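Please open the model in a viewer and set it to a cartoon representation, with side chains available on request. The tour below proceeds by selection, from one stop to the next.

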Amino acid sequence: MKLLHLADLHIGKRVNEFNMIEDQGYILNQILDIVKAEKPDGVLIAGDVYDKSQPSGEAVVLLDDFLTKLTSISQSVFIISGNHDSPERLGFGNKLLQNNGLYIAGVFDGGLQRISLEDEYGTINIHLLPFIKPAMLKPYFEQNPDTYDEALRLVLSAAKVNTAERNVLVSHQFVINKGQQPERSDSENISVGGLDHVEASAFDDFDYVALGHIHGPQKIGRDTIRYSGSPLKYSFSEALHKKSVVKIELKAKGDITLELLPLTPLHDLREIKGPIDNLLKIGREDAEHSLDYIHATLTDEEEIYDAVGQLREVYPNLMALDFENSRTLPSHYQEITAASVDLKSPIDLFAEFYQLQNNIELTDDQQSILEGVFKQTGEDNL
């Protein structure tokens, strides 16, 4: 049996105030092309389908179009809600949609939703577990787990998974392996404090675990516990990511092969660095990639007039601009005592302050202007 695993679509997301809906439509169409070519028996979408619990109208329309096309070319589609989704909104009409092979676990109802599929090797159970917090278990269990790990283990133990059969779990949690955390990016909303993680050993009963929540594609512990990652780069901390969809082929129990199918965005998200003239020259010579989403860092020592305007003439999708030169590098601050202040003139103190702020000394012209200012204010102790 062949499955495709994706997650963290974040439909409707804005990055640095840029609307990503066109890019998301492009990448979702690319995923549809992969589905047409691979002809999987099922597609697993592991949460954070929307970017907000109250998605925009254009986000709802885009997801509706994607799922309509996806269910027409794939036998089954399995979706869970993530921490960004509204479980109730995402799960609306779930029972009706199952008739078209679309299974959505939006609201946690106390256990795993299980759908059983058959192939020549027997039964494959697809288990759906939406994003959970310990407090969500209170209506369903006598125990009151304190941590996410305890909560997830409680739910999985109650499910009584038949380990003689092949089992796939779709989950949206922050999973670590023996204390080692996954590679994370700035665009993920991860709680602080250490209580939100789940140990990978909690998934020992499952042949494959399709995870969502972390945007970089990676395994956690074993190869078959895996984050597919987001299909697009949603922060510059993801600039070096290689986005993909995971293809899973399950044969007999224990025989699983995985392949990462690459995704190519409409506009890449890149970081560039150097003097402004060099960056402008490179952009003009490579017009196609100049349309990428750009974080530029200028290294010029001199002041640049309208740096944003100049760059946007060549890089219209400039998202962020920084400067890195002698004035912006950290300076070595000296301890200033009351006694040392008393021994220095106001102009000397100002000159020291200027150097600390800009990493350069006052020029002769600036020194002359400053002396004139102090004379006009009646300061004689120069």
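**First stop: the sheet containing β1**

Select the open sheet of six strands whose order is β6-β5-β4-β1-β15-β16; its pairing is mixed. At its edges stand β6 (102–105) and β16 (256–262), each with a single partner strand, so one side of each has no neighbour in the sheet. From one strand to the next, the twist averages 20°. Strands, like helices, are DSSP runs numbered from the N terminus (E, at least two residues, for strands; H or I, at least four, for helices). Two strands count as paired if DSSP finds at least two bridges between them. Axes are lines fitted to C-alpha atoms, for helices over the stretch in contact, and angles run from 0 to 180 degrees between N-to-C directions.

The model is predicted: local features need pLDDT of at least 70 and side-chain atom pairs count only at pLDDT 80 or more, while totals for chains, interfaces and linings use all residues. Residues are numbered from 1 along each chain as its sequence is written, and side-chain values use heavy atoms, with hydrogens and water left out.

**Second stop: β1 and its partners**

Select residues 2–6, which form strand β1. Five of these five residues are buried, so the strand is largely enclosed by the rest of the structure. Here, buried means under 20% relative accessible area, exposed means over 50%, and partly exposed lies in between (1.4 Å probe, protein chains only). Display the side chains: K2, L4 and L6 point one way from β1, whereas L3 and H5 point the other way, and all are buried.

Next, add strand β4 (residues 42–46), which runs parallel to β1 and is joined to it by four bridges. In this pair, I45 of β4 stands opposite L6. Then add strand β15 (residues 244–250), which is antiparallel to β1 and is also linked to it through four bridges. The bridge partner of L4 in β15 is K247.

**Third stop: β15 and S244**

Extend the selection from β15 to β16; the two strands run antiparallel and are joined by seven bridges. V245 stands opposite L261 of β16. Now centre on S244, which belongs to strand β15. What relative accessibility does S244 have? The value is 5%, so S244 counts as buried. Leaving aside residues up to four places away in sequence, S244 touches P217, S228, L260, L261, P262 and L263; contact means heavy atoms within 4.5 Å.

**Fourth stop: α2 and Y50**

Select helix α2 (residues 57–73), which lies across β4, β5 (77–80) and β6 and runs at about 150° to β4. In the loop between β4 and α2, select Y50. Y50 has 8% relative accessibility and therefore counts as buried. A distance label between the C-alpha atoms of Y50 and V60 should read 8.4 Å, with the two residues ten apart in sequence. Which residues does Y50 touch, beyond those up to four places away in sequence? They are H10, I11, P55, A59, V60, L63, H84, D85 and L90.

**Fifth stop: the sheet containing β8**

Move to the open sheet of six strands ordered β7-β8-β9-β12-β14-β13, again with mixed pairing. Its edges are β7 and β13 (218–220), each of which has a single partner strand, so one side of each is left without a neighbour in the sheet. Neighbouring strands here are turned by 30° against each other on average, direction ignored.

Select strand β8 (residues 122–129), where seven of the eight residues are buried. Strand β7 (residues 113–119) pairs with β8 in the antiparallel sense over seven bridges, and the two form a hairpin with two residues between them. Across this pair, T123 in β8 is the bridge partner of E118. To strand β9 (residues 166–172), β8 pairs in the parallel sense over six bridges, with L128 opposite V170. Elsewhere in the sheet, select strands β12 (residues 208–212) and β14 (residues 222–227), which pair in the parallel sense over three bridges.

**Final stop: α6 and α7**

Select helices α6 (residues 276–285) and α7 (residues 307–314), which pack at an angle of about 20° with their axes 9 Å apart. That angle makes α6 roughly parallel to α7, a term for angles under 35 degrees (over 145 is roughly antiparallel, 65 to 115 roughly perpendicular and the rest oblique). To view the contact, show I276, L280, G283 and R284 in α6, which meet A307, Q310, L311 and V314 in α7.
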